[in-house]
Amino acid sequence: MSNLDDRMWATMPSRRSFLQRMGLGVGVLGAGLFGGLALPESVLAVCEPPGNPGTPKPWRKDCRMILPRRPASTLSAAEITQLKDAYKAMRALDSSAPNDPRGFLRQANVHCWYCGEGTQVHFSWQFFAWHRAYLYFHERILGKLIGDMNFRLPYWDWDTPSHRKLPGAYTDPNDNSNPLWNGTRNMDPTDEIPEEDVGEDVMEAALTADTFTEFGGTASGSGIPEGTPHGAVHVDVGGDMGFFDSAGKDPVFYAHHANVDKMWSDWNKASSIHTNPTVTTFLNLTWNFYDENKVWRSIKASQVLNHDTQLRYTYGPSKFLEQLPCLLDWFPIKTDWRVSQTLKFAGQTRAKMMKVVEQGGRARLHLNELAVPTDKSAVYRLYATPEAAKADEGPGSKGYLGTVPVVLNDRERRHLSKNARNIALRLSTAKLDALSGTVGPVRLALVERGVKPEARKVIPVRAKDVLLSVAEVEREER
Ligand SMILES: [Cu+2]
């Protein structure tokens, strides 16, 4: 066991002081702590791949023009009409040709059968690449159905503060005369995704991740943004969106995931070190989809890594790319800290970390292999102490650190993955302050958001690693 101490700072290069990563482990969780419910196989049947499509034809290349996907709330009236016409045509196939794989319910079920017990594209490095491929074929089908292959999906840019309501096209009119409407949503047209789920702290914690492992996950664990913001928005919209097996039945799913896809694109653009995995086990990940001509196609992860040239769409500039300061690389200094037992976050270490943040640098709290209750789709809040969790006074209150969403597979309350959840939260000076003076075992705690005080259950955090990391800002020599 090794506590944090000030010696680590002495090991840092003086001019280019890199990130320090300070770890403290709290022991590995016993598996099955929050077990799912067993269900009969028949429940799975609705999610199985359709029929017997045979051997897929490899996807080769796309010859469409390279065109931008645009924010859903900035579409013109004509573009909204086109979007609605496309989904109307897709929904029409559900009744006119129920076996047409381009129909809306068949499309929705693609997500369902890729998130079951056999194949699971969530909680791993498949997450970003698979969803990009899924949206790609979905977009082409919508284009084909309206006879316009220049059609591009819109994205719901919930990271823009003024765009946190469901995009207008999806709620106006807010009834089944609108092909973009879904009657199961918990969100009303006037509700907004909370800042704590999609705000600047959340976006920065993800977009400044310095490795794909942190950003996009590994073969057996999730990256940072798959939880918050991605999962949080699923829970916030609620209804079908709140479960993997039904999420694709809400048209806003595709706009939500286009923004998640944009995050991957922005992350790649943000730094020359933000590179995708190059190992063949990742590059050769292969999935099958029906294309716009009902041809069963296979596509590999290596074929979706460059959306501009390979998949023929772009995203506009990101305010985060412009606003993010030139952060130095984050990298571990002494990895054995990861398995130490306690956190000592005080004294000079704390003072120096505070200084980094005050000068524009960044600090993050990482929870690797975090265990969460899996008995409901919900958003939990993370607090520095059980007392703060019990009080649950929300963002800005003492001890508040951020949100942790849980999206279950289905309404039968199943969670069909044993993979790890890895999260990271940006720490402001106030949040660092809340952790200050911590000496001894981690006391972080979760509490479900929106539960009345008398019903609140405080859940002690269990994770394989609890780490702090810091990145200073690059300064030019003057
Ligand atoms: Cu999703």
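**Entry 1: a tryptophan.** I looked up Trp-287 in this predicted model. Leaving out residues up to four places away in sequence, I listed what Trp-287 touches. One stretch of partners is Arg-297, Ser-298, Ile-299, Lys-300 and Ala-301. The others are Tyr-114, Val-121, Gln-126, Ala-129, Trp-130 and Ala-133.

**Entry 2: the cores.** Next I checked where Trp-287 belongs. Trp-287 sits in the largest nonpolar core, which has 71 residues. Trp-287 is among the residues with the most contacts inside that core, along with Tyr-87, Trp-156, Phe-215, Tyr-254 and Phe-289. Which helix gives the most to this core? Helix α5, residues 126-145, does, with 11 residues. Apart from this core I found another, of 33 residues. Its members include Ala-363, Leu-365, Val-406 and Val-461. I noted a general rule: in soluble globular proteins, nonpolar side chains tend to be buried together.

**Entry 3: the copper ion.** Which residues coordinate the copper ion? I found His-230, His-234 and His-257, each through NE2, at 1.8 to 2.1 Å. Along the chain, these donors follow the spacing H-x3-H-x22-H. His-234 lies in helix α9 (residues 224-237) and His-257 in helix α10 (residues 252-270), so this pair ties together parts that are 23 residues apart in sequence. Are His-234 and His-257 buried or exposed? Both are buried.

**Entry 4: the record.** I then turned to UniProt. Its unreviewed entry places "domain: Tyrosinase copper-binding" at residues 122-139 and 250-261. I compared each span with the model. Residues 122-139 are 78% helix and 0% strand, with end C-alpha atoms 21 Å apart. Residues 250-261 are 83% helix and 0% strand, and their end C-alpha atoms are 17 Å apart.

Note on methods
Residues are numbered from 1 along each chain as its sequence is written. This is a predicted model: local features need pLDDT of at least 70, side-chain atom pairs count only at pLDDT 80 or more; totals for chains, interfaces and linings use all residues. Side-chain values use heavy atoms; hydrogens and water are left out. Donors are N, O and S atoms within 2.8 Å of the metal (3.2 Å for Na, K and Ca); water is not among the atoms, so sites may look incomplete. Helices (H or I, at least four residues) and strands (E, at least two) are DSSP runs, numbered from the N terminus. Buried means under 20% relative accessible area, exposed over 50%, partly exposed in between (1.4 Å probe, protein chains only). UniProt positions are given in the numbering used here, feature names are shortened, and annotations may be inferred rather than shown by experiment. A nonpolar core is a set of buried Ala, Val, Leu, Ile, Met, Phe, Trp, Tyr and Cys residues joined through side-chain atoms within 4.5 Å. Contact means heavy atoms within 4.5 Å.
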